[in-house]
Amino acid sequence: MNKRATASDRGRRRGRLGVAALVVGLGAVGVAVWRSGSSSGQASGPIVFETVVVGAPVTPPNNPGQVSSTVVVADVTTTSNEVVAPTDDAVAPPTTATATPALAVVGAPRLSVPADVAQAAAAFSVIENGTMYLRGTVPDEATAKRMVDEMTFRKGGAVTSELTIDASAPQPTTVPLYVPTAALFDAGGAKLLEGIGPTLDVVSSLLRNGDNSKLLIRGHTDDQGSEAYNFALSQQRVAAVLAYLVGAGVDPTRLVVEPRGEVEPIADNSTVDGRAKNRRVELVLVPA
Amino acid sequence: MRAEWSRRAILKAAGTLAAGGSGLWLAGCSGSSATSSTAPTPSGPPASGGVDTTTADPLSSPAAIDASVATTGVPATFAPGVDYARVDRPATLPDNGLEPVDAGAAPEAGPLRLYIYPDYIGPEVIAAFESATGTTVEITTFDEVAEAEAALRDGTTTFDLVIGLPSVVITGLVVDSAIQPLNSSLIPNAGNVLGGLQSPYYDVGARYSMPYSVYTTGISYRRDQVSESLFNRDDAWPLLWDPTYAGKVGILPDVRDGLALGLLVNGITDLNVADPASIAAAAAVLETLVASMQPVFDIYSYENIPNGTTLMQQAWSGDMGTARNYLQPGQTTEILGYWHPTRAPISNDLMMIPARAANRVLAHQLIDFLLAPATARANFDFVGYQPAVTNPSAYDLTTSGGVAEHLLGTLVYDAEVTIGYRIDPISPEVEALWDAAWARVNTSS
């Protein structure tokens with residue numbers, strides 16, 4: 001697909017992106033970003049803190065009244081085998097990690113297989129203005145304590161627990177970390193806004209104090225303009241986050257960039273609000 | 001190989017010679033010049049995006065490499081007391097016995113003698129400088145890095161400023177006292193240099209150089225014939241192996257850039273690697289490209305893409321800026337596409353003052369002039385390669401119409417400079433390994 005962009009299109013985009021920077025902070029992340037079909041059950045066991053989403057609070061389906069919640073969770077048991085939908089049939093990536101190379105050339109390198117999975121959760125963590133909170137519902141005090149201890153260790157400092165106990169709540173196998181922010185970047189650009197440091201510094205502390213987890217840095221855009229433009233823009237934004245974290249002392253080998261451009265919308269691109277939601281950056285912590 | 005080279009061909013070929021040092025890219029152009037008897041042997045399907053390295057016979061003698069080099073790729077020293085610079089091991093270049101011009105010295109009468117690639121600076125920029133300073137600029141051009149390096153060392157020619165040599169050569173020029181230190185107080189616009197290059201790892205403190213241009217290495221493509229959707233990913237290098245485009249792909253012809261492609265598709269990002277197996281694997285995967293895709297080995301993507309000789313080609317980002325000058329009748333820049341990975345190979349060319357410069361204050365003035373925002377923009381409009389400055393920024397160049405929207409990826413953001421992968425000097429022993437591997441790739445063509 002080659003969509004043509006005119007000078008006037010560019011002008012309109014700048015206007016939209018100006019809005020986007022604002023709207024991102026009002027709710028740019030939805031559960032649709034995480035793929036279905038990857039559940040691993042709700043068995044008890046070690047809690048794995050693995051998902052960081054930079055964006056804004058969304059309403060979890062199991063807590064419709066809790067606006068400041070999120071349900072974004074990744075399932076570490078299947079991350080290595082999940083795939084992203086092909087973007088083009090001609091060079092579609094293999095459907096599993098062990099599939100035949102897509103390119104019918106002996107010895108040809110094959111396209112790598114991005115990983116992504118999702119699972120809803122009732123408990124989650126969130127970073128607001130540099131402070132980490134644990135929110136949502138867990139089945140017992142012991143679980144809550146484990147969550148607090150784990151996140152305190154990872155953060156290297158205190159976290160604030162706002163967890164509620166409900167015996168009927170599922171035992172969490174994973175806990176999302178969610179980072180709401182008014183905006184990460186200047187309008188239409190790829191320069192991190194001043195003041196974003198405290199949030200990303202918390203993220204970097206999580207990497208330093210935990211295990212050898214890797215952080216996936218994903219960038220998404222809406223569909224306005226050419227695919228090439230949007231891919232490049234998502235690249236430049238994830239590059240900015242990567243450069244910041246490396247500058248903050250994070251081992252670059254633990255950071256993986258995944259620019260996605262416009263191909264993974266989570267909302268309707270035909271509406272202003274939908275496009276705003278689609279313009280987002282996600283950070284996903286994947287345990288080693 | 002073409003009888004005549006355009007300005008960009010000359011420019012970039014010279015750069016690759018400097019990086020590779022072997023001249024084997026010429027063999028790539030002609031498809032001959034075999035130096036290895038190894039037959040092209042496409043390996044089996046890679047186990048994990050890599051290749052079968054069992055055919056790596058030319059590189060099976062790691063004993064030839066110093067042990068420290070084999071493990072790190074970086075010899076202990078370039079010269080006594082001088083380190084090999086790496087991004088993670090910045091090097092402060094030594095004092096070479098030359099003194100920078102005094103800050104209070106009066107500007108010379110000129111003329112300023114500029115040594116540069118053909119057409120690598122805008123005529124209007126030169127005219128503006130002459131008008132501003134009241135001097136004249138005499139331009140002498142060079143075609144190859146090796147030629148320029150020799151001229152700077154031989155003591156028979158004198159220039160006041162050399163522009164276009166890549167960072168990979170600077171250590172040697174300093175050690176050989178072929179260039180002199182700069183006086184930063186005479187370059188107030190140095191503050192406009194991209195943040196990542198203000199004090200570059202290859203010349204900490206920018207004592208001897210200022211950056212001129214910055215560019216990535218990626219894939220240029222015909223946007224009207226290859227879906228840009230294919231490039232919505234960070235690992236699009238394997239697209240060059242897509243049989244749909246057999247006979248219509250190309251790769252850079254020099255040993256360092258060429259083998260870097262093989263390394264990257266194999267998931268190796270150390271573009272100065274000394275490990276023989278990694279080098280062999282890079283060659284092996286490129287042999288499969290040669291066997292199945294019949295790529296061209298050249299630097300002419302800015303011509304090949306518009307005229308259809310290739311539909312996808314490993315290229316430098318600035319080439320798609322240059323390509324606007326090579327469009328066919330009826331074509332617009334809409335047909336031009338460029339992709340690079342987020343963490344891309346990054347390069348930059350330099351401005352340096354030769355040791356025997358006679359007009360040193362004027363040389364500083366031209367450096368400063370070229371780093372000024374308005375001048376940098378005007379020069380970009382002519383050259384097509386992005387100036388290594390903050391203003392105009394990559395974003396400025398896009399939104400002001402300097403670059404078509406869909407070519408946003410041809411521009412280099414500051415963060416991308418920070419996280420990019422560099423091709424740096426390697427020891428003679430390691431270079432021999434690279435040359436042998438590259439010869440095998442060429443043999444298979």
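Trainee: How do you know that the span of helix α8 (residues 276–293) of chain B agrees with what is expected?

Mentor: In this predicted model, the 18 residues of α8(B), taken at 1.5 Å a residue, should span 26 Å, and the C-alpha atoms at the ends of the helix are 25 Å apart, which agrees. Just after α8(B) comes B:Gln294, whose phi is positive, near 45°.

Trainee: What makes α8(B) largely enclosed by the rest of the structure?

Mentor: A residue counts as buried when its relative accessible area is under 20%, and 15 of the 18 residues of α8(B) are buried, so the helix is largely enclosed.

Trainee: Why is strand β9 (residues 346–352) of chain B called largely enclosed?

Mentor: Seven of the seven residues of β9(B) are buried, so the rest of the structure largely encloses this strand. Both of its faces are covered, with B:Ile346, B:Asn348, B:Leu350 and B:Met352 buried on one side and B:Ser347, B:Asp349 and B:Met351 buried on the other.

Trainee: How do you know that strand β3 (residues 161–166) of chain B pairs with β9(B)?

Mentor: Pairing asks for at least two bridges between the strands, and β3(B) and β9(B) are joined over four bridges in the antiparallel sense, with B:Ile163 standing opposite B:Met351. Strand β4 (residues 210–222) of chain B also pairs with β9(B) in the antiparallel sense, over six bridges, and here B:Val214 stands opposite B:Asn348.

Trainee: Why is the aromatic pair of B:Tyr117 and B:Tyr120 called edge-to-face?

Mentor: Ring centres must lie within 6.5 Å for a pair, and planes over 60 degrees apart count as edge-to-face. The structure holds 14 aromatic pairs over all chains; in the pair of B:Tyr117 and B:Tyr120 the centres are 5.9 Å apart and the planes stand at 75°, so the pair is edge-to-face. Both of these tyrosines, B:Tyr117 and B:Tyr120, are buried.

Trainee: What makes the pair of B:Tyr302 and B:Tyr326 tilted?

Mentor: The planes of B:Tyr302 and B:Tyr326 are at 55°, with 5.0 Å from centre to centre, and an angle that is neither under 30 degrees nor over 60 counts as tilted. B:Tyr302 lies in helix α9 (residues 301–307) of chain B, whereas B:Tyr326 lies in the loop between α10 (318–322) and β8 (336–339) of chain B, so the pair ties together parts that are 24 residues apart in sequence. B:Tyr302 has a relative accessible area of 0%, so this residue is buried.

Trainee: How do you know that B:Arg207 forms a salt bridge with B:Asp95?

Mentor: The nitrogen and the carboxyl oxygen must be within 4 Å, and the closest N and O atoms of B:Arg207 and B:Asp95 are 2.2 Å apart. B:Arg207 sits in the loop between α6 (170–175) and β4 of chain B and B:Asp95 in the loop between α3 (67–72) and β1 (112–116) of chain B, so the salt bridge ties together parts that are 112 residues apart in sequence.

Trainee: Why is B:Arg207 called partly exposed, and why is B:Asp95 called exposed?

Mentor: Exposed means over 50% relative accessible area, and partly exposed lies between that and the 20% limit for buried. B:Arg207 has 27%, so this residue is partly exposed, while B:Asp95 has 64%, so this residue is exposed.

How values were computed. Residues numbered from 1 in each chain as written. Chains lettered and ligands numbered in written order. Predicted model: local features only at pLDDT ≥ 70, side-chain atom pairs only at ≥ 80, totals over all residues. Heavy atoms only, no water. Buried < 20%, exposed > 50% of the residue type's maximum accessible area, 1.4 Å probe, protein only. Helix = DSSP H or I, 4+ residues; strand = E, 2+ residues; numbered from the N terminus. Expected span 1.5 Å × (residues − 1). Phe/Tyr/Trp six-rings, centres within 6.5 Å; stacked < 30°, edge-to-face > 60°. Salt bridge = Lys/Arg side-chain N within 4 Å of Asp/Glu carboxyl O.
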